[in-house]
Structure formats: structure tokens, C-alpha cells
Amino acid sequence: MHTELPSLDPDDWAAFRTLCHDLVDEALKAVEGVREMPVWQPMPDAVRSALREPAPRSAQGAERVGAEFLKRILPYANGNLHPRFFGWVHGAGTPVGALAEFLAASMNANVGGRDHGAVHVERQVIEWCKEIFGFPAEASGLLVSGTSMATLIGLTVARNVLAEGDVRDLGLLAEPRQLVCYASQQVHGSVAKALELLGIGRRGLRLVPVDAEHRLIVEELHNAIRLDRAEERRPFAVVGTAGTVNIGASDPLAELASLCRAESLWLHVDGAFGALSLLAPGRRGSLKGIEQADSLAFDFHKWLHVPYDAGCILVRRGGQHRASFAREQDYLAAADRGLAGGAPWFCDFGPELSRGFRALKVWFTIKTHGLDQLGQAIAANCDLAVRLAGLVGKEPCLELLAPVPLNIVCFRYRGEGLPEAVLDRINSDIVADLQEQGIAAPSTTRIGGRLAIRACICNHRTRARDLEILLEAVRTLGRQREAELSAVGQA
Ligand SMILES: Cc1ncc(COP(=O)(O)O)c(C=O)c1O
């Protein structure tokens with residue numbers, strides 16, 4: 001029986017502090033020693049079933065829950081802290097980012113609006129981003145969960161600005177013509193998803209052919225726009241990519257910007273990971289034109305290694321951004337002074353009202369390391385990608401499948417005279433073997449119809465030796481798989 005009103009604070013603060021310190025020590029030990037661990041290990045069935053339990057009605061206590069975390073959760077990480085994690089596009093995290101995450105949670109700020117420190121930190125982070133990408137003073141921004149959400153917001157503003165009617169009031173049913181958005185065939189799936197959510201649908205997305213370097217062909221784009229106009233549809237936006245997910249190619253953004261200006265279209269840039277490559281010495285040139293985008297989506301959780309999740313949308317004309325999301329509500333009225341001051345509120349720039357303090361981990365990361373050091377880590381990843389491509393080129397049993405414009409190397413094991421279907425199978429088996437044996441974690445993709453081992457180097461801990469380990473293992477596993485298949489007569 002409680003004699004006092006119950007509180008969720010610890011009864012014994014000193015004991016709780018000790019527990020926190022112990023857990024932090026264990027978590028940091030895991031980061032410090034990550035290189036010695038398998039890149040990934042599946043969670044054993046016994047651990048999975050041990051995690052399953054009815055919703056606990058009675059208190060288990062933080063000590064017991066913390067011990068369970070160390071035993072049953074921490075060892076079964078995604079693997080992206082490890083220097084030989086090469087899959088998808090995953091940032092590697094930093095210890096200081098983890099610290100900032102804890103500190104932000106300790107404040108438990110709701111950054112939807114009002115006048116408090118977290119709001120000012122987010123504003124500062126957005127100002128830095130405007131400066132990094134050369135956006136004008138009137139530009140606005142919002143920290144979001146990632147580029148998928150940022151693109152949804154950017155294309156919402158584009159739709160609302162360029163639709164013929166007032167979409168916020170009337171909805172799309174009142175639009176006389178089908179809205180059309182253009183992007184390259186290599187565009188990320190989040191763009192189609194955004195168009196589905198916006199009521200435009202996948203039919204409103206034209207996929208424009210790319211050249212041998214995977215860059216959108218501007219002439220093809222121009223033709224597609226002309227055709228849609230001739231057939232009474234309404235082109236409204238072009239999505240340019242800075243760093244395609246397959247190989248890291250960047251569309252000719254400056255050309256896209258001038259075409260969009262000439263055609264009165266919105267240019268949204270998906271720069272999920274590639275945009276921040278302009279921090280790397282000598283890389284700004286390949287993203288020329290990014291500063292002219294009407295909206296730009298990118299992630300801090302990828303190449304800036306801020307712990308998940310942290311993305312950003314920048315919109316060139318802040319007034320248009322706000323006009324897409326602001327809503328008057330009596331209980332949320334902003335005031336000239338007091339805690340309800342601090343206008344404009346972030347909730348007026350996106351769909352979410354309650355928002356966490358994502359900005360602190362970005363602020364901590366940028367201030368702790370500085371943009372130069374972060375840019376050097378990006379440059380080092382790109383240099384390693386060139387090195388990996390060179391090593392692949394020297395190996396008769398390996399084959400490079402795509403250019404390497406940034407940090408992604410797509411290659412495959414090639415046996416002697418094996419049919420394509422068998423090569424696909426061998427290479428997907430190699431990737432699964434590498435992951436399951438904890439040696440390395442590349443992912444797969446298809447390049448020109450062929451299954452590729454895709455190594456995306458997006459980790460500040462990766463070194464040249466890690467690439468050699470990867471290739472040694474690919475060679476060995478490839479030979480093993482080839483021998484197994486020929487033993488059963490399938491090769
Ligand atoms: C080019 C590109 N666009 C968009 C995304 C989606 O980003 P997020 O996972 O942060 O939503 C990714 C993710 O890898 C990507 O590579």
C-alpha cells in the first residue's frame with residue numbers, strides 16, 4: 001500500500017545513479033570493442049522466446065530490466081556500428097551522439113513549439129544546414145525522422161503550391177488535371193510512397209531514363225514534360241537525386257534547376273546520404289545546383305553518423321512551407337510572450353504536433369567533431385570505395401558491375417562460364433553467408449538485371465584492411481558455393 005502519492009522517480013537516487021553509470025559503461029564497452037565482435041548475429045530462438053511475456057502488471061525494477069537489456073538485446077544489434085557493415089545506407093553512430101540522446105531524453109522536451117531551449121537548438125541546426133547548402137535566409141527547415149518523411153513534406157509543399165486549386169481546402173478531387181512528378185529510374189522508393197500518400201498516386205510519377213553513369217537524362221525529362229502537357233496533365237515537380245541508393249550517382253542538379261525554372265516546376269532534391277558529401281574536400285562540384293533546390297531532403301543519421309533517427313527538410317521559401325502545414329487551434333494559440341511565445345512553432349512546418357529533441361544529437365555531433373572532420377570521414381569512405389573497386393578489378397574471379405561515383409561498390413563473384421541464374425544464386429548466398437558468419441554485412445541489389453554484392457562504405461571506423469577481409473571471404477565463399485553447385489550438377 002502506498003502511503004504517499006506514487007511517483008515514477010527512483011526511491012533511491014544514489015542507487016539509480018550507480019545503475020545508470022554501470023549501464024552506460026556496458027554500452028560504451030560494446031561500442032569500443034565492436035571490431036572484435038561478429039558484425040551481426042541472429043537472435044537465437046531461446047532469446048526471442050525469453051523476450052516474449054504478457055504485458056507486465058507489476059514492477060520489475062530498473063536493475064532487472066537493465067540486466068535483461070544487456071543479456072538479451074544489446075548483443076543482437078543491427079551491426080551498423082561495425083567497420084565491416086556495408087549494407088544498405090546505415091550510419092555508424094558515435095559515442096557523443098549516444099550521450100546527446102540520453103541528455104535530450106533527460107529534458108523530455110516537446111519541440112512542437114513554444115519558447116524553450118530545445119526550440120532554439122533546432123533553429124540553430126537549421127541555420128547551419130542553410131549555410132552548408134547555400135540556402136537563402138528566408139528558407140525554413142524541420143528535423144524529421146528521415147528522408148522519407150522529409151520528401152513527403154517537400155512534395156506536400158510542392159503539390160500545394162503548384163496545384164490549380166486549394167488542395168488543403170478542397171482536396172485533390174477538385175483538381176482538373178492529373179498532377180505529375182518526374183524522377184530518374186534510379187530514384188528511391190520513398191518518392192513513390194510520398195506520391196501515394198499525397199493522393200497523386202504512382203501514376204503521377206514518371207520515371208525518366210538514366211545514362212551509363214546512372215544520371216537522369218535531362219533531354220528525356222524535357223520530352224516527358226512536353227508529352228504530359230500536350231496530353232492535358234499538369235507537371236508540378238521534379239525530384240533530383242544526390243546519391244542514388246544503388247550506386248551513389250548524382251543527377252545533374254544545376255541543369256534540373258534551370259529546366260524547372262523554365263518550366264515553372266518545383267525541384268525537390270533527395271540527398272538522403274549524398275547531399276552531405278559536399279562537406280568532403282573536393283566533392284562540392286558534383287552537387288552543383290543543390291543550392292537552387294526548392295526543397296532538399298537529407299539525413300543526419302546516415303553520413304553524419306548521428307544516432308537514429310534524424311533527417312531534415314529544407315524549403316527555399318519558408319512562407320510556402322508554413323502555408324502548407326500551419327493551422328489555427330484555440331488551445332494551441334501562440335502568444336507574444338511567456339512560454340507560449342517563440343513563434344513560429346515547428347508544428348506549423350510538418351504533420352507532427354508533438355516532436356522530440358532530435359536537434360540536440362545533431363548539434364552535439366556537429367560541435368564536437370566540427371564539419372571539417374565530419375567531411376574528412378566522408379572523403380575517407382569515398383577513397384576506400386575507389387580502393388575496393390581497384391581490388392575487385394585486379395581479381396579475375398570478381399567483376400565490377402557499376403561505376404563508383406561516391407562510396408558504393410557493386411560487384412560480383414564470377415565463376416567460369418556459369419549461367420546468369422547460377423551466378424545470381426551464388427552471389428546472394430555469398431552475402432547471406434558473410435552476414436551469418438559475422439564476417440561482413442554487405443547487401444544486394446540488381447544492376448542491369450544481375451544480382452550484385454553491394455558494399456556501401458558509410459562508416460567512420462572502416463579501414464583498408466576491412467576491405468581485404470571482405471574480398472578474401474567473398475573469394476573463398478564463392479569458390480565453395482561454386483564447388484557445391486557443380487558437385488550436384490547445377491553449375
Ligand atoms: C537515396 C535515398 N533516398 C531516401 C532514402 C530514405 O531515407 P530514410 O530511410 O532516412 O527515410 C534512402 C535510404 O537509404 C536513400 O538512400
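Started with burial: buried residues make up 50% of the 491 residues in the chain. Note to self: this is a predicted model.

**Overall build**

I looked up the secondary structure next and found 14 helices and twelve strands in the chain. Then I checked how the chain is packed. Its radius of gyration is 25 Å, close to the 23 Å that the globule rule gives for 491 residues, so the chain is as compact as a globular protein of that length. For the outer dimensions I took the C-alpha trace, which spans about 75 × 75 × 45 Å along its principal axes.

**Contacts and surface**

I wanted to know how far apart in the chain the contacting residues sit. Of the contacts with a separation of 6 or more, 73% are between residues 24 or more positions apart. On the outside, the chain exposes about 23,400 Å². Carbon and sulfur atoms supply 53% of that exposed area.

**One helix pair**

Two packed helices are described by the angle between their axes and the distance between the axes. I looked up both for helix α1 (residues 13-32) and helix α3 (residues 62-73): the angle is about 5 degrees, and the axes are 11 Å apart. Angles under 35 degrees count as roughly parallel, and α1 and α3 are therefore roughly parallel to each other.

Which residues make the contact? I noted F16, L19, L23 and E26 on the α1 side, and A62, E63, G66 and L70 on the α3 side. Sorted by class, the contact of α1 with α3 has five nonpolar, one polar and two charged residues.

Key. Residues numbered from 1 in each chain as written. Predicted model: local features only at pLDDT ≥ 70, side-chain atom pairs only at ≥ 80, totals over all residues. Heavy atoms only, no water. Axes fitted to C-alpha atoms, helices over the stretch in contact; angles between N-to-C directions. Helix = DSSP H or I, 4+ residues; strand = E, 2+ residues; numbered from the N terminus. Parallel < 35°, antiparallel > 145°, perpendicular 65-115°, else oblique. Contact = heavy atoms within 4.5 Å. Nonpolar A, V, L, I, M, F, W, Y, C, P; charged D, E, K, R; others polar. Rg over C-alpha atoms; globule rule 2.2 N^0.38 Å. Buried < 20%, exposed > 50% of the residue type's maximum accessible area, 1.4 Å probe, protein only. Areas by Shrake-Rupley, 256 points an atom, 1.4 Å probe, with all protein chains shown as cover.
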